[in-house]
Amino acid sequence: GGAPPPREGEKSLETLRPLRPRFFLPREVANLHGFPPHFGFPPEVSTRKQYELLGNSLSVQVVATLLRYLLLPAGDGMAVEEQRRRGSEA
């Protein structure tokens, strides 16, 4: 008899429900990942698939900074990043 036990994650969702959280839209997730404003998915890509694809993406800005830090001689990576940052402020 009785109802089946809640699936993993359902209990957490029920705990959050009274707080009425607003979830990020795919466009907002794309913004956080540094995608350009003109980026968009073709109309046939479902919202669920958009979240999946964005969730598997990496921020280009973060990866570029990490690569400079890891691949340039000690200290040079951060110097290059500081120069880039100052150039964007001008």
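1. Here are a few friendly notes on the model. Read from start to end of the sequence, the protein runs α-α-α-α-α. That gives five helices and zero strands. Please keep in mind that this is a predicted model.

2. On burial and exposure: of the 90 residues in the protein, 11% count as buried. The accessible surface comes to about 7900 Å², and carbon and sulfur atoms hold 62% of that surface. As for contacts with a separation of 6 or more, 36% of them link residues that are 24 or more positions apart.

3. Which residues make the nonpolar surface patch of about 840 Å²? The patch is built from Leu 58, Val 62, Val 63, Leu 66, Leu 67, Tyr 69, Leu 70 and Leu 71. One of these residues, Val 62, sits in helix α4, which spans residues 60-71. Val 62 has a relative accessibility of 48% and is partly exposed, because the partly exposed class lies between 20% and 50%. A patch residue needs over 30% relative accessible area, so Val 62 at 48% clears that cut-off.

4. Now the charged side chains. How many salt bridges does the structure hold? There are three. In one of them, Glu 14 and Arg 17 are paired, with 2.9 Å between the closest N and O atoms. Both partners are partly exposed: Glu 14 has a relative accessible area of 46%, and Arg 17 has a relative accessibility of 45%.

5. Another salt bridge joins the side chains of Arg 22 and Glu 28, at 3.0 Å from N to O. Are these two partners exposed or partly exposed? Arg 22 has a relative accessible area of 60% and is therefore exposed, since that class begins over 50%. Glu 28, at 24% relative accessibility, is partly exposed; the cut-off for buried is under 20%, so the 24% of Glu 28 does not meet it.

6. The side chains of Lys 49 and Glu 52 also meet in a salt bridge, with an N to O distance of 3.1 Å. Where do these two residues lie along their helix? Both belong to helix α3, residues 47-55, and they are three residues apart, so about one helical turn separates them. Lys 49 is partly exposed at 35% relative accessibility, and Glu 52 is partly exposed too, with a relative accessible area of 41%.

7. Turning to the rings, the structure holds two aromatic pairs. Phe 35 and Phe 39 form a tilted pair, 4.6 Å centre to centre and with 40° between the planes. Phe 39 and Phe 41 form an edge-to-face pair, with 5.1 Å between centres and 75° between planes. Why do the two labels differ? Planes over 60 degrees apart count as edge-to-face, under 30 as stacked and the rest as tilted, so the 40° of Phe 35 and Phe 39 gives a tilted pair, while the 75° of Phe 39 and Phe 41 gives an edge-to-face one.

8. Phe 35, Phe 39 and Phe 41 form one aromatic cluster, and Phe 39 takes part in the pair with Phe 35 as well as in the pair with Phe 41. How accessible are these rings' residues? Phe 35 is partly exposed at 24% relative accessibility, Phe 39 is partly exposed at 28%, and Phe 41 is partly exposed with a relative accessible area of 24%.

Key
Residues are numbered from 1 along each chain as its sequence is written. This is a predicted model: local features need pLDDT of at least 70, side-chain atom pairs count only at pLDDT 80 or more; totals for chains, interfaces and linings use all residues. Side-chain values use heavy atoms; hydrogens and water are left out. Helices (H or I, at least four residues) and strands (E, at least two) are DSSP runs, numbered from the N terminus. Buried means under 20% relative accessible area, exposed over 50%, partly exposed in between (1.4 Å probe, protein chains only). Contact means heavy atoms within 4.5 Å. Accessible areas come from the Shrake-Rupley method with a 1.4 Å probe; for residues, only the protein chains shown count as cover. Patches are made of residues with over 30% relative accessible area and no salt bridge: like charges are joined within 9 Å, nonpolar side chains (Val, Leu, Ile, Met, Phe, Trp, Tyr) within 5 Å. A salt bridge is a side-chain nitrogen of Lys or Arg within 4 Å of a carboxyl oxygen of Asp or Glu. Rings of Phe, Tyr and Trp (its six-membered ring) pair if their centres lie within 6.5 Å; planes under 30 degrees apart count as stacked, over 60 as edge-to-face and the rest as tilted.
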